[in-house]
Amino acid sequence: MVSGELSTITLVAGGLALLTVLVNGLWRPARNVVTIVHEAGHALAAVMVGRRLRGIKLHSDTSGVTVSRGKPEGPGMAFTAMAGYIAPSVLGLLFATLAGAKLTTLVLILIALLLLGVLVMTRNAYGVFAVVASAVVLGLIALVAPTWLQAPFVYLLTWFLLIGGIRPVIELQAKRRRGAARDSDADQLARLTGVPAVLWVLVFGVLTASCLIAGGLWLLEPVAA
């Protein structure tokens, strides 16, 4: 793929991803992807710190919950609670790095592994439907669609994770201002650490924005070249 074509793909994919995040009618169904990655982040963090993963539920209102067993306090529990909101942005940064190195096939493989892992642990019907639907789209792109379509798909998904990782943080704080989301990840972290929930929301915001900046620089490199 020549540099000019890659630059066009990067810009168009970024524009479509931004449109999807900003337009509520597009964001609502697309947010399921962010929720899947969010809950996968909790699940992976739980396993990494030695907690026993019990299951994941994904709901039609695009919320989700990951249940694990282990010590109810301490650094491990805090890390598990923190991982969800930053997971889409961190995964987007990883994908941006791989896409920048022209490793789009590896990105597709990682997506397949993530969906398989979430599917195995999903414990409700809608959750299974959401993961299987995502897997069908991935399968069509990876196995049926022409090769030239795979790179635009990877760039679109990568941009969407980077940009879309920020909106849930904004939505979280908006809900907290209205007195809702009292048991959010930020509020759980406040109880675990003694650090005010609003500061944890700020941490989420800084980390997701940093991933967007770093990932965006990787993706936009062909444009600047």
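Leu26 has its place in helix α2, and with 39% relative accessibility it counts as partly exposed. Keep in mind that this is a predicted model. Leu26 also belongs to a nonpolar patch on the surface, and helix α2 comes back below as the home of Arg31, one end of a salt bridge that reaches helix α7. The structure holds 4 salt bridges and 3 aromatic pairs, and here's a quick tour of those, plus the patches and a few backbone oddities.

**Surface patches**

- The nonpolar patch is made up of Val12, Leu16, Leu18, Leu19, Leu22, Val23, Leu26 and Leu156, which together offer about 660 Å² of accessible area.
- Helix α1 (residues 3–22) supplies the largest share of that patch, with 5 residues.
- Leu26 gets into the patch from helix α2; its 39% relative accessibility clears the cut-off of over 30% that patch residues need.
- There's a charged patch too: Arg52, Arg54, Arg69 and Arg123 gather on the surface as a patch of positive charge.
- Arg52 from that group sits in strand β1 (residues 52–58).
- Arg52 has a relative accessible area of 61%, so it is exposed.

**Salt bridges around helix α7**

- Arg31 pairs up with Glu171 in a salt bridge, and their closest N and O atoms are 3.1 Å apart.
- That one links distant parts of the chain, with Arg31 in helix α2 (residues 24–48), Glu171 in helix α7, and their positions 140 residues apart.
- Both ends of the Arg31–Glu171 bridge are buried.
- Glu171 also takes a salt bridge from Arg167, where the closest N and O atoms are 2.9 Å apart.
- This second bridge stays inside helix α7: Arg167 and Glu171 are 4 residues apart there, about one turn of the helix.
- Arg176 and Asp187 make another salt bridge, with 3.1 Å between the closest N and O atoms.
- Here too the pair links distant parts of the chain, Arg176 being in helix α7 and Asp187 in helix α8 (residues 185–193), 11 residues apart.
- Arg176 counts as partly exposed at 22% relative accessibility, whereas Asp187 counts as buried at 14%.
- Through shared partners, the salt bridges of Arg31, Arg167 and Glu171 join up into one network.
- What else is buried in helix α7? The buried residues of this helix (residues 167–177) are Arg167, Pro168, Val169, Glu171, Leu172 and Gln173.

**Aromatic pairs**

- Among the 3 aromatic pairs is Tyr85 with Phe204: the ring centres are 5.2 Å apart and the planes meet at 25°, so this pair is stacked.
- The Tyr85–Phe204 pair links distant parts of the chain, from helix α3 (residues 75–100) to helix α9 (residues 197–224), with the two residues 119 apart.
- Tyr85 and Phe204 are both buried.
- Another pair is Tyr126 with Phe129, with centres 6.0 Å apart and planes at 50°, so this one is tilted.
- Tyr126 and Phe129 are 3 residues apart in helix α5 (residues 125–144), so about one helical turn separates them.
- Tyr126 counts as partly exposed at 26% relative accessibility, while Phe129 is exposed, its relative accessible area being 55%.

**Backbone spots to check**

- Most residues other than glycine have a negative phi, which is the background for the next two cases.
- Thr62 is not a glycine, yet it has a positive phi of about 70°.
- Thr62 lies in the loop between β1 and β2 (64–69) and counts as buried at 6% relative accessibility.
- Lys102 isn't a glycine either, and its phi is positive at about 65°.
- Lys102 is in the loop between α3 and α4 (104–121) and is exposed, with a relative accessible area of 53%.
- Gly179, just after α7, takes a positive phi of about 85°.

**A distance along helix α3**

- Gly76 is in helix α3, where it is partly exposed with a relative accessible area of 24%.
- From Gly76 to Val90 it's 14 residues in sequence and 19 Å in space, C-alpha to C-alpha.

Definitions and conventions. Residues numbered from 1 in each chain as written. Predicted model: local features only at pLDDT ≥ 70, side-chain atom pairs only at ≥ 80, totals over all residues. Heavy atoms only, no water. Patch = residues over 30% accessible without salt bridge, like charges linked within 9 Å, V, L, I, M, F, W, Y side chains within 5 Å. Areas by Shrake-Rupley, 256 points an atom, 1.4 Å probe, with all protein chains shown as cover. Salt bridge = Lys/Arg side-chain N within 4 Å of Asp/Glu carboxyl O. Lys, Arg positive; Asp, Glu negative; His and termini not counted. Charge placed at Lys NZ, Arg CZ, Asp CG, Glu CD. Buried < 20%, exposed > 50% of the residue type's maximum accessible area, 1.4 Å probe, protein only. Phe/Tyr/Trp six-rings, centres within 6.5 Å; stacked < 30°, edge-to-face > 60°.
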